[in-house]
Amino acid sequence: MIVLVLNCGSSSIKYQLLNMADEGLLLAKGIVERVGFTDAKLTHKPEGKDKYVHVTSIPDHTTGINLILEALVDSNHGVISSINEITAVGHRVAHGGEFFTKSSLIDDFTKSEIEKCIELAPLHNPANLKGILSMEKLLPNVPQVAVFDTSFHQTMPKHAYLYAIPYEYYEKYKIRRYGFHGTSHKYVAQKACNMLGVDFEKQKIITCHLGNGASIAAINQGKSVDTSMGFTPVEGLIMGTRSGDIDAGVLLYLAEKENLSFKDVNDLINKKSGVAGISGLSSDMRDLENAAADGNERAQLALDMYYYRVKKYVGAYAAAMDGVDLIIFTGGIGENDPVLREKVSTAIDFMGVDFDIDANKGVRGKDKLLTKPESRVKVMVVTTNEELVIATDTANIVKELKK
């Protein structure tokens, strides 16, 4: 079964083509950038062949996806002989609200529910829906599946997901903690348990998905019971350009003092804050580590604040679950930053973590156990693969459809 995975943003389309009959073998991946512009770019990376880059006008998502399909079957850089080889299409959808607790076959009802969630994710869901509608035009007979960032966290108990504001706002507007990165949190937790030979549904796990966007999840007996991102992806950890947790009163105070509009405040907490805002230098942890090594005090401060917030959430979630068996680092930073893993893990030795500093050194982008054999709590770095999860869910749903 050949599955095309699409992740459509407002001006971009990320994609992967996988052969699910061959354990999710990656056939090709790429990205369309600057959708809506005359100088848009397709970067296509077929496995075993040279990268192909094409700059052209891409006015909409349908045009962009059509270029992807053409690249996949091209005689020089294609990986399949015909579009008819694509069995199904899986879409990453940012927000499923309270309705979607698992991945879903896309039909008219599914599309209407995704549309209802647009007000909860106005930057992401419209683009996700455009991708779905575009594929309907281009491959009308191919089944499509939606995989939601929020669905894994729908097992959170009410006392964890509600905010302490008047209850009527939850009833009227569904204001609550939803959480994101659910596909990644679930995948790395299950993968780690398989590697260790333990039962996923009997473990207390803390997963740290650390990238430019970052979140931590508490997973107890196979279910998400809390997560750091909330109603939006801005809550929780300090991120590249997002503030994470902040006293709401600060925003009211700044809005008055600086005469900020709602858009200004939104830009402030989403695009101008985080480690970029603290350092005044960069949102990239590598840049900050290099600058800190050269004596840049604000770069070091940004790093210290980042490490502290991660450590604090790990400790909070261990308390929330009455203990922890396994802590996992994943995502672009979690997988590739040994300094962060050491800073956090050595600080929580009181929890039963006997961290192996030597085992952690130089580990980038690979799966590895990072604690000593006698450690009561295990720490691992586990590479995530959200596209594979989307493709797997898609393949399983389509198989059931054909029975």
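This is a dialogue about reading disulfides, salt bridges, surface patches and empty space in a predicted model.

Colleague: Let's start with the cysteines. How many disulfides does a search of the whole structure find?

Modeller: A disulfide is a covalent bond between the sulfur atoms of two cysteines. In this predicted model, the search of the whole structure finds 0 of them. Take C117, which is in no disulfide: its nearest cysteine sulfur belongs to C8 and is 17 Å away.

Colleague: Is C117 buried or exposed?

Modeller: C117 is buried, and its relative accessible area is 7%.

Colleague: And why does C193 have no bond to the closest cysteine sulfur?

Modeller: Because the distance is too great: the closest cysteine sulfur, in C208, lies 14 Å from that of C193, too far for a bond. C193 also counts as buried, at 1% relative accessibility.

Colleague: Thanks. On to charged pairs. How many salt bridges does the structure hold?

Modeller: There are 16 salt bridges in the structure. A good way to read one is to ask which atoms meet, which elements they come from, and how covered the partners are. Start with R92 and D149, whose closest N and O atoms are 3.1 Å apart in a salt bridge. R92 sits in strand β6 (residues 86-93), while D149 is in the loop between β8 (144-148) and α4 (158-161), so this pair ties together parts that are 57 residues apart in sequence.

Colleague: Are R92 and D149 buried or exposed?

Modeller: R92 and D149 are both buried.

Colleague: Which residue does E98 meet in a salt bridge?

Modeller: The partner of E98 is K174, and the N to O distance is 3.4 Å. Here E98 is in the loop between β6 and β7 (104-105) and K174 in the loop between α5 and α6 (182-196), so the link ties together parts that are 76 residues apart in sequence. As for cover, E98 is partly exposed with a relative accessible area of 26%, and K174 counts as partly exposed at 34% relative accessibility.

Colleague: What about D367: which residue is its salt-bridge partner?

Modeller: D367 forms a salt bridge with K191, with the closest N and O atoms 3.1 Å apart. Because D367 lies in the loop between α14 (357-360) and β13 (368-369) and K191 in helix α6, the pair ties together parts that are 176 residues apart in sequence. D367 is partly exposed at 29% relative accessibility, whereas K191 counts as buried at 19%. Salt bridges can also share partners: R92, D149 and E386 are joined into one network in this way.

Colleague: Now the surface. Which residues make the nonpolar surface patch of about 280 Å²?

Modeller: I165, Y169 and Y173 make that patch. To place it, look for helix α5 (residues 167-173), where Y173 is found. Y173 counts as partly exposed, at 45% relative accessibility.

Colleague: I also picked out D322. Where is D322 found?

Modeller: Look in the loop between α11 (297-320) and β12 (326-330) for D322. D322 is exposed, with a relative accessible area of 68%. The C-alpha atoms of D322 and N220 are separated by 9.9 Å, although these residues are 102 residues apart along the chain.

Colleague: Last topic, empty space. How many cavities of 30 Å³ or more does the structure hold?

Modeller: Rolling a probe the size of a water molecule over the atoms shows where empty space is left. This structure holds 1 cavity of 30 Å³ or more, and the largest cavity has about 30 Å³ of space. Its lining is made by V5, N7, R92, E386, E387 and I390. The elements that give two or more residues to this lining are β1 (2-8) and α15 (386-402), and α15 has the largest share, 3 residues.

Colleague: And how much space lies in the second largest pocket?

Modeller: The second largest pocket has about 630 Å³ of space. It is lined by 27 residues, and those closest to its centre are F152, K186, Q190, V389 and D393. The elements giving two or more residues to the lining are β8, α6 and α15.

Colleague: Which element gives the most to the lining of the second largest pocket?

Modeller: That is α6, with 7 residues.

Notes:
Residues are numbered from 1 along each chain as its sequence is written. This is a predicted model: local features need pLDDT of at least 70, side-chain atom pairs count only at pLDDT 80 or more; totals for chains, interfaces and linings use all residues. Side-chain values use heavy atoms; hydrogens and water are left out. A disulfide is a pair of cysteine sulfur atoms within 2.5 Å. Buried means under 20% relative accessible area, exposed over 50%, partly exposed in between (1.4 Å probe, protein chains only). Patches are made of residues with over 30% relative accessible area and no salt bridge: like charges are joined within 9 Å, nonpolar side chains (Val, Leu, Ile, Met, Phe, Trp, Tyr) within 5 Å. Accessible areas come from the Shrake-Rupley method with a 1.4 Å probe; for residues, only the protein chains shown count as cover. A salt bridge is a side-chain nitrogen of Lys or Arg within 4 Å of a carboxyl oxygen of Asp or Glu. Helices (H or I, at least four residues) and strands (E, at least two) are DSSP runs, numbered from the N terminus. On a 1 Å grid over the protein atoms alone, a cavity is a set of points where a 1.4 Å probe fits but cannot get out, and a pocket is an open set with protein on both sides within 12 Å along at least five of seven lines; lining residues have an atom within 4 Å of a point. Grid points are joined across faces, edges and corners, and a volume is the space filled by probe spheres set on the points.
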